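The following report describes how the interior of one protein chain is arranged, beginning with a single strand and moving outward to the cores.

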Amino acid sequence: MSLPATLEGSWRFGPVTVWRCPHVPGQRGEPQARQVLAQALGGEPDALPLVRDDKGRPELSGALAHYGTGWSHSGEVLLVALGEGVRLGVDLELLRPRPRMLEIIQRFFHPDEVAWLQGLDEADREHWFFRVWCAKEAMLKAHGQGISFGLHRLQLAPADDGALHLRWCDPELGEAARWHLHEWQASGQFRAALAWYPQ
């Protein structure tokens, strides 16, 4: 996936559009996400029927309830996603040294992922760790529970094409074959992932 020439850009993945915007560190993402969504859907940002469910997951209601949305920000980058007929989650992770990476993998990941990642050299393990973590976050945001649901309750693995695929998931997450996962480099320092499930 090639990068747009500037920070202001968008990607299209099936029914989902993801916008990349500059972001002021320390600020909440929702006000800016409202502006992006209002521009895409029409109307004023403050009038957008954007609500939070009991887990804090953002949803569009009323006449726009058939759209799924979500956003993620880190540092100076904000991603905002919008798709019709889907539940979606998007995540953005800053690539930075993680001294306790192996400990995190062993403690929180699915046993098959632990075995795979432990068998890699340090550079490859770091590369895949960030991809797996980011993809899991996106999927669990789409599901609505977030990482408290358990990172071990889904198993990702690379396919022959080099992309991560969902091999297995807890039945609460739906059917593994129906999930769509897209991952890319959002900028030089950030890994991004989008997950969506048809409604």
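## Strand, helix and cores

Strand 2 is largely enclosed by the rest of the structure, because 5 of its 7 residues are buried. The model is a predicted one. Strand 2 (16-22) is among the elements that cover the buried residues of helix 1, which also include strand 3 (50-52), strand 5 (67-74) and strand 6 (77-84). With strand 6, strand 2 pairs in the antiparallel sense over 7 bridges, and within this pairing V18 has A81 of strand 6 as its bridge partner.

Helix 1 covers residues 30-41, and from its first C-alpha to its last it reaches 16 Å, close to the 16 Å expected at 1.5 Å a residue. Its buried residues are E30, Q32, A33, R34, V36, L37 and A38, and just after the helix G42 takes a positive phi of about 90°.

In soluble globular proteins, nonpolar side chains tend to be buried together. Two nonpolar cores of this model are set out below.

| Core | Size | Residues named |
|---|---|---|
| Largest nonpolar core | 30 residues | F109, F129, L156 and W179, those with the most contacts inside it |
| Another core, apart from the largest | 17 residues | among them V18, A81, L194 and W196 |

The elements giving two or more residues to the largest core are helix 2 (101-108), helix 3 (111-118), helix 4 (122-143), strand 8 (154-158), strand 9 (164-169) and strand 11 (190-198), and the largest share, 11 residues, comes from helix 4. Leaving aside neighbours within four places in sequence, W179 is in contact with M139, A142, H143, L166, C169, L173, A195, W196 and Y197.

Note on methods:
Residues numbered from 1 in each chain as written. Predicted model: local features only at pLDDT ≥ 70, side-chain atom pairs only at ≥ 80, totals over all residues. Heavy atoms only, no water. Core = buried A, V, L, I, M, F, W, Y, C linked by side-chain atoms within 4.5 Å. Buried < 20%, exposed > 50% of the residue type's maximum accessible area, 1.4 Å probe, protein only. Helix = DSSP H or I, 4+ residues; strand = E, 2+ residues; numbered from the N terminus. Contact = heavy atoms within 4.5 Å. Expected span 1.5 Å × (residues − 1). Pairing = 2+ DSSP bridges.
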